[in-house]
Amino acid sequence: MASMKRKVWGACGFALLCAVAHRPVAAAALSVTSDNARRSTLDLAVDDAAADFFRNTCHVGLSLAVVTREGHFYYDYGSTERGATRLPDKRSIYEIASVTKTFTGALAADAIVDDRMALDSDFRAYLPESYSNLTWSGKPITLRTLVTHRSGMPRDIPDTDAIYAKKDFDTLPRELLALQEGFDRDKLLSALHTVSLRSQPGDKEAYSNTGFLVLALGLEKMYGQSFEALMHQKILQPLGMASTDFVVHQADQSRLVRGYDRKGRLMPYHLRNSGAAWGLYSTAEDMAKYLRWQLDARDPVIRIQHHPLVGNAQEGVAMAWNLATDGHQPTLFHGGGSFGMSSAALLYPERQEGFAMLANDACEGTESALKAIAVSIHNHAHQDGAAP
């Protein structure tokens, strides 16, 4: 990667990496439009990472939020629409897909703080109907197993295993949408009675959107409010995330980017019933506010949400966050992918740094490529052992 030998911290840290006038420039020798002024050390680190990303011509557009002790920084590349020159900005709206699960995990952590839920209690007690089937050899589902994908629940309800097993990306979006169309809360409550757990809760990890929809049902019963109302009341409104929601309202439609699959075809957006599992839309600007909150270890909700529930801080799972290390630095990560968009959020709590990457493509490997952008920027900034 270009410029990796450049010392990027010096004596000022991130303090001098802001307050520059944006102008369209090309990303590091690539003909990709950007608002990156390429003046500060952070600008250059971002541009190097973005250049690597756009060497894959499947990618269309990219919006980044970088949160440090010194502030929030935003960068945009490419286009909101394939074949057009429409640079996104920090207020462009993307599907954040399964990064939504970290928001749901935060609501669950808040329910623990409020003494509405307990990690290892029988979760069926929180559900609005009786589900004797949600147990295995007398061991029921719990909040811990739901939020760490170890509940034994199927990936989706209705069951999508046969669709995914075909590995046909040409037909997958259409088939998934047809299966989920009209599948509302009442149908979910009814279908849950027919579910058979696939493993004993706590035994095996198996990715489950259903587990997070069930978690949302429990939150609704314990608070007496809809899940969407709870999300607004407890997270979105307090953080001032006015552009984040489960639906894009008419007045905001012009800010919604268009998403594309790995063959460059325009893709549909997810359905409203994706909800607690992968249903949120957001912007880089709003995600910066969310990252700032997630970096606040003084908040009891954040402390609970980030505590390892499986494994440890070096290799484990918290409440919807994956725990690992980058060098000696603890990290929390979650990615997301929809039919036509990809997202990633990465936290370095000890450095008080957070990264949100939003892309309007679902190309092969985009989620991991987005994570690589954040890792590259972080490591570039902290090379030679420099500290902010």
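The exercises below, each with a worked solution, concern a predicted model of a protein chain.

**Exercise 1. Establish what confidence the predictor assigns to the protein chain, and which elements have the lowest and the highest mean pLDDT.**

Solution. Begin with the chain as a whole, for which the mean pLDDT is 91, with 91% of its residues reaching 70 or more. Next, turn to the elements, among which strand β1 (residues 25-26) has the lowest mean pLDDT, 45, and strand β9 (residues 281-282) the highest, 99. Finally, consider residues 1-26, over which the pLDDT is below 50, although this stretch has 66 contacts in the model beyond near neighbours in sequence. Where pLDDT is low, the predicted coordinates should not be read in detail.

**Exercise 2. Describe how strand β13 (residues 329-337) pairs with β12 and β14, and decide whether it is largely enclosed or not.**

Solution. On one side of the problem stands strand β12 (residues 322-326), which pairs with β13 in the antiparallel sense over five bridges; one of the bridge partnerships is that of aspartate 326 with glutamine 329 in β13. The hairpin of β12 and β13 has two residues between the strands, and glycine 327 there takes a positive phi near 70°. Then take strand β14 (residues 342-348), which runs antiparallel to β13 and is joined to it by six bridges, with histidine 334 having alanine 345 in β14 as its bridge partner. β13 and β14 also form a hairpin, here with four residues between them. As the last step, seven of the nine residues of β13 are buried, so the strand is largely enclosed by the rest of the structure.

**Exercise 3. Locate the disulfide, find its handedness, and state which parts of the chain it ties together.**

Solution. The count comes to one disulfide, and it joins cysteine 58 to cysteine 363 with an S to S distance of 1.9 Å, which meets the cut-off of 2.5 Å. The torsion about the S-S bond is about -85°, so the disulfide is left-handed. Because cysteine 58 lies in the loop between α1 (41-54) and β3 (61-68), and cysteine 363 in the loop between β16 (361-362) and α12 (366-381), the pair ties together parts that are 305 residues apart in sequence. Both cysteine 58 and cysteine 363 are buried.

**Exercise 4. Classify the ring pair of tyrosine 348 and phenylalanine 355.**

Solution. A search of the whole structure finds nine aromatic pairs. In the pair of tyrosine 348 and phenylalanine 355, the ring centres are 6.1 Å apart and the planes stand at 80°, so the pair is edge-to-face. Tyrosine 348 and phenylalanine 355 are both buried.

Methods
Residues are numbered from 1 along each chain as its sequence is written. This is a predicted model: local features need pLDDT of at least 70, side-chain atom pairs count only at pLDDT 80 or more; totals for chains, interfaces and linings use all residues. Side-chain values use heavy atoms; hydrogens and water are left out. Buried means under 20% relative accessible area, exposed over 50%, partly exposed in between (1.4 Å probe, protein chains only). Two strands pair if DSSP finds at least two bridges between them. pLDDT is the predictor's confidence in each residue, from 0 to 100. Contact means heavy atoms within 4.5 Å. Rings of Phe, Tyr and Trp (its six-membered ring) pair if their centres lie within 6.5 Å; planes under 30 degrees apart count as stacked, over 60 as edge-to-face and the rest as tilted.
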